[in-house]
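Visitor: I am new to this structure. Please take one part of it and show it to me closely.

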Amino acid sequence: MDTLEIICSDDAYSTQAQKIAHKMGVYLNQRLEEPVYRLEWSHSGAQLQVLNQGKQNPISVNFHTGSADHRRKFGGGKGQMIAKAVGVSAHLKPRVLDATAGLGGDAFVLATLGCHMQLQERSPIAHALLADGLVRAAEFAEQAQDDTLANIISRMQLCHADSIAKTINDIDVIYLDPMFPTRKKSAAVNKSMRAFHDLIGNDEDSDQLLMHALEQDVCRIVVKRPRIAPHLADKAPSYSLEGKSSRFDIYALKKLQPVNTNIQDA
């Protein structure tokens, strides 16, 4: 890409940086005259900077600091619609495939609630940011002797893959949150995140992704959508849970069953 530069200022990350540079077809540490995006590995890990939006905070994945850590410690997960949509209860912690993992926010909430998560992300940039966030969270948990966080991160297994091309095994719930074009005037999405969406692109094949999911041997499929958006593939769900700005469409295929009653909440 002629708008993206990938920089590595910490030799500890040189292998990861070189891999993503190769995938994106750019030269590592090549400075561009007018870059729009800069993906940089430093002592702080991986960060994506949007350079043409004025002063903006870089985009990174942090599970051990900020809002994710606050939610883990002080609540905000168990009562959320996502838990109800997926089917989490005191005695039921479904095995969930997050087939459009993005930056991992929803997967972290579900892992915090005790779900074992398989995360798939096909965008090399989103995958790189998420992988880095998981590694740093695991390292922090070890250093801080935070067993709760360590257990949560251990329940999140990430791979770089296109979910449409894979057969799903040993999964109870498929979770889909396809990238949807952001409204230019939306106050809920800052400039950096809108630019991030532009960089990794919208999921134009989201209808196909749902139809592929419906062919898999799972108990239910949960699709997160903007509240007023049409159903994927014009296929009505079994039921929906609606919030202020988004909703969850649930395609209930068969009854969820506990697979391991020894799984404990985080």
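**A close look at the sheet that holds β1**

Guide: This is a predicted model. Let us start with the sheet that contains strand β1. The sheet is open and has three strands. Their order is β1-β2-β3, and the pairing is mixed. Strands β1 and β3 stand at the edges. Each of these two has a single partner strand, so one side of each is left without a neighbour in the sheet. From one strand to the next, the twist averages 15°.

Now the pairing of β1. In general, strands of a sheet pair through backbone hydrogen bonds, either parallel or antiparallel. Strand β1 covers residues 4–8. Strand β2 covers residues 37–42. The two run parallel, joined by five bridges. Look for isoleucine 7: it stands opposite glutamate 40 in β2.

Two helices belong in this picture. Helix α1, residues 14–24, packs on the sheet. It touches β1 and β2. The direction of α1 makes about 165° with that of β1. Helix α5, residues 124–144, lies across β1, β2 and β3. Against β3, helix α5 runs at about 140°.

Next, zoom in on one residue of β1. Glutamate 5 lies in this strand. Is glutamate 5 buried or exposed? Its relative accessibility is 2%. Buried means under 20%, so glutamate 5 counts as buried. What does its side chain reach? The side chain of glutamate 5 reaches the backbone nitrogen of leucine 32, at 2.9 Å. Leucine 32 is also on the list of residues that glutamate 5 touches, leaving aside those up to four places away in sequence. That list includes Gln30, Arg31 and Pro35. Tyr37, Arg38 and Leu39 are on it too.

Finally, turn to another strand, β8, residues 220–226. Five of its seven residues are buried, so β8 is largely enclosed by the rest of the structure. Strand β8 pairs with β7, residues 173–176, through four bridges. Strands β7 and β8 run parallel. Here isoleucine 174 stands opposite isoleucine 221 in β8. Strand β8 also pairs with β10, residues 246–252. That pairing is antiparallel, over seven bridges. Arginine 220 has alanine 252 as its bridge partner in β10.

Notes. Residues are numbered from 1 along each chain as its sequence is written. This is a predicted model: local features need pLDDT of at least 70, side-chain atom pairs count only at pLDDT 80 or more; totals for chains, interfaces and linings use all residues. Side-chain values use heavy atoms; hydrogens and water are left out. Buried means under 20% relative accessible area, exposed over 50%, partly exposed in between (1.4 Å probe, protein chains only). Two strands pair if DSSP finds at least two bridges between them. A polar contact is a pair of N or O atoms within 3.5 Å; within protein, one must be able to donate a hydrogen and the other to accept it, and residues adjacent in sequence count only if both atoms are side-chain atoms. Contact means heavy atoms within 4.5 Å. Axes are lines fitted to C-alpha atoms, for helices over the stretch in contact, and angles run from 0 to 180 degrees between N-to-C directions.
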